Amino acid sequence: MKKLMMLILSGLVAILLLQVIGCEGNAGKRGTIGDPGDPGDAYSQPTPENRYFALAVGNNSAVAHNGAPKLYLVFDTLHANAGDTVVCQRLTGSKVPEVDGIDGGSAEWGDKYTDIVLRKTVLYDNRIERARVRAAYDQDYIYFQVKWTEVADSALGLAVAENLYPSKWIFDSLTTSGRKEYWSKIVMGDEDRVMLMFEIKHLDRFEHDGCLLTCHAGTATTLPGTNFHSTRSGQARMDIWSWSSITSNPTGYADDKYMDGTGQIPDASEPLLYTDGIKGDIGRATSMANLYYVFTTTAISAYRPLYQTVTDPDSIATYPLWDWQVTTYRAAGWRKGFAVPTFITTVPTLSRADIMSRGKFDNGTWTVEFRRLRATGNGDDTKF
Amino acid sequence: MRKWSFILFCLTALAGLIVLVGCEGDTGLTGGKGSKGRRGTAGYDPDRLPPADRVFAFAVTNATENAISGKRQLYLTFDSTAKATKDTVVAGRISVPPLIDGLEGEEDWGPQKSKMPLSFLNPDPDAVDCQLKNGIVRVAYDDDNIYFQFQWQEQAVEATIDGKKVEVASVGESRELSELTFKYRTGLDTTRVQRYSCKPDSADFVLDTSYTFVRVTYNSTCITPAEPCSCYDLRTRPDTSYLWVKRTGTGEDKVVVFFPDEGSTGWQDVAFKQFFGFSTGSSNIPSDLFVDVWAWGAGRTGPVSVADDWSISAAGAKADAGQAPYIDNWIASDSLPRYMNRRDPNVRTSESGKQTAAIYPLWYFDAVGYSRSGWAKGTNRTPITCSLPGIITMIPSGSRADVYTAARFDNGFWTVEMKRARRTHNGDDVQF
């Protein structure tokens, strides 16, 4: 019995010993790594905010440009492209509109456009009642297309034409009216034009009245020469994208300007007639006035071209006349009726050259396209 | 006792045996698949983070080339909690860029401005302090661009030089840089002109400007100063050309901003000497030096609304890649202009009624090759002075046109505003 107890005790001690010093089994294999989380959103420029803007269209006349003073530009998907609302579509992929004045349609611009109703905004109606507007944007740029068809009206002197010859100097004689040389500026028109206008810094009531706040201040019967384009406070500032058929189109840029209320400056082409609050962005413009004048309070002693073509004084005035094609005017060899262009085309620079633009005239219809950086970083430009 | 020992021995042996030959435990089960990782954070554009703080310096002049006043060092911080002082400029983050037009535009620049006295920075012994004062610097930035505004005040200064009181600085815009003039007169008294060399650094060089119309002969073999060039007596030479000289006192007002790539002690002395051509100071340039330089001048760059973009490195001062906003209109070796206005000769002469004609800026498209024909003639008793611009204005391009600039002069105060992309992606620019 005692021996049996001893054996059982030995067995228990052995089991206990095994428990104490016996090896554990190996751990199981590590499970497989879980799937990686979804990637974060890639950085992208924030979607531009919806905003108001204005549109004006001219047909060879400074006193008749029709427009839509207040349009709504939307970047979301909540609004329909109708009435005064223009939907600016986000471009996907690498394809972007070619700024060539050729309508690439929905393949280039997406499927949304708005047929805008235009109305008389100044003294006369140019009878252009509709314009088709498309807009698109991508990470860096915003694009616009404006398309309109001209209307002829002989009573109003309106013709359907690509107006590329707005004015010219005509030589009369070397001694007339007390001037050393007598030149007349003959104005045949005002080019074809389209302008887009955006707030840079808030214009009070722009969301109600649009650009009418700034142009032709006063009444609808205000005459040219008494217009004082201006914002109504010194702080308010409006961006103006001004495309014109001959002073800007040959350069491939729209003339980039702004308007504020800090003062009136003389018009470059007609400094004796016009002043307004429209200023050019910093840099060189798409054209410069071909004008030399000297005047006192009582008389004009000089009023003539500053430049002539290198083949003058016997060439026919044509546009565009580039700065590298001209030489300084000389009062020699001119005969009555000889002509010289009234402005010189120049390559724009700096902020004045922010807006690529090209227009094409086809069978009575202008198609003008624009492209600009969404944020130029210039205080004279709006930011999208 | 033996029995217990035996039992203990058996147990120990049994335990050892079990340890040696016992089986290991079973391997555990394979773990489960880990859970899916968290969604990554939204991406960001590193260009849109606030720039790193840095130091910079600026220098201003009043119608001189190198009599500079300014601040040797300013600390530029982008920490909006910092306070602007005379030594610290606090850049404000803005949502609407300021209008670069040279007007004060208080509302566009954020709340902080640094006001500071300006020190005279030219170490040359003969340099005269123009005593420019009341410096103000403001800086703003946004995602893509950085904007600077500099203001300072000019004042009229007189100094006594060789016992005479001389006006060394006046209040004005000083846009007519290096105006070239000559006086045409008959009966030239050449006996007072001793010798003239086409090699300005020659020891024999004597430039007698007591007469600005002298007889010189262009020597085509003397193109560069390094070539040997004999001096000759003007009295023995035929009259073949005119001598044009730079009218004294026709410097320009300017502001030059220096941004070292990394702040290091004494970089200003090297940068100022290299850019302004001081005669004193060490000519040794540290091999790792890089300083970006933005130089606005009322005459050189004002008409085209840029600052001239340069850099200074171990190789010295060098213009950034691209077309300059101007070219010099003077051939020093011949004392002749390269170009004149298409309307020259005599767009500006001292003839009655013609003194006020504007000759600056002379744009490249208005310039033609210089001709000696037709300049106004005077007499010994009534000499006529004719003028030509010392520079031709060009359209700048490339990296040299990175810095948009506009300036206004109002009642003795200059306001100069600049804008540049924070990242130009040009190796000759610092990046913000």
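In chain A, 64% of the contacts with a separation of 6 or more are between residues 24 or more positions apart, where a contact means that two C-beta atoms, placed from the backbone, lie within 7 Å. Before I go further, please keep in mind that this is a predicted model, in which local features need pLDDT of at least 70 and side-chain atom pairs count only at pLDDT 80 or more, while totals for chains, interfaces and linings use all residues. Residues are numbered from 1 along each chain as its sequence is written, and chains are lettered from A and ligands numbered from 1 in the order in which they are written.

Let me stay with chain A. Its secondary structure comes to 3 helices and 24 strands, these being DSSP runs numbered from the N terminus, with H or I and at least four residues for a helix, and E and at least two for a strand. The radius of gyration of chain A is 35 Å, well over the 21 Å that the globule rule gives for 384 residues, so the chain is more spread out than a compact globule; the radius is taken over C-alpha atoms, and the rule is 2.2 Å times the number of residues to the power 0.38. Along the principal axes, the C-alpha trace of chain A spans about 155 × 45 × 45 Å. Of the 384 residues in chain A, 40% are buried, a word I use when 20 or more other C-beta atoms lie within 10 Å of a residue's own, as opposed to exposed at 12 or fewer and partly exposed in between, with C-beta atoms placed from the backbone.

One sheet in chain A is open, with 3 strands in the order 9-8-21 and antiparallel pairing, where two strands pair if DSSP finds at least two bridges between them. Its edge strands are strand 9 (182-187) and strand 21 (339-341) of chain A, each of which pairs on one side only. Strand 8 (residues 167-173) of chain A is joined to strand 21 of chain A by 3 bridges, and Ile170(A) stands opposite Ala339(A) in that strand 21.

Turning to chain B, we find 2 helices and 22 strands, and 38% of its 432 residues count as buried. Among contacts in chain B with a separation of 6 or more, 69% involve residues 24 or more positions apart.

Chain B also has an open sheet of 3 strands, ordered 11-10-19 and paired in the antiparallel sense. Strand 11 (245-246) and strand 19 (384-388) of chain B each have a single partner strand, so one side of each is left without a neighbour in the sheet. Strand 10 (residues 180-184) of chain B pairs with strand 19 of chain B over 5 bridges, and Lys183(B) has Thr385(B) as its bridge partner there.

For a single residue, consider Phe259(B), which lies in strand 12 (residues 254-260) of chain B. Is Phe259(B) buried or exposed? With 21 C-beta neighbours inside 10 Å, Phe259(B) counts as buried. Leaving aside residues up to four places away in sequence, Phe259(B) touches Arg54(B), Phe56(B), Val291(B), Asp292(B) and Val430(B).

Finally, the interface: 49 residues of chain B are in contact with 46 residues of chain A. On the chain B side, helix 1 (2-21) and strand 21 (403-410) each supply at least two residues, and helix 1 of chain B gives the most, with 7 residues.
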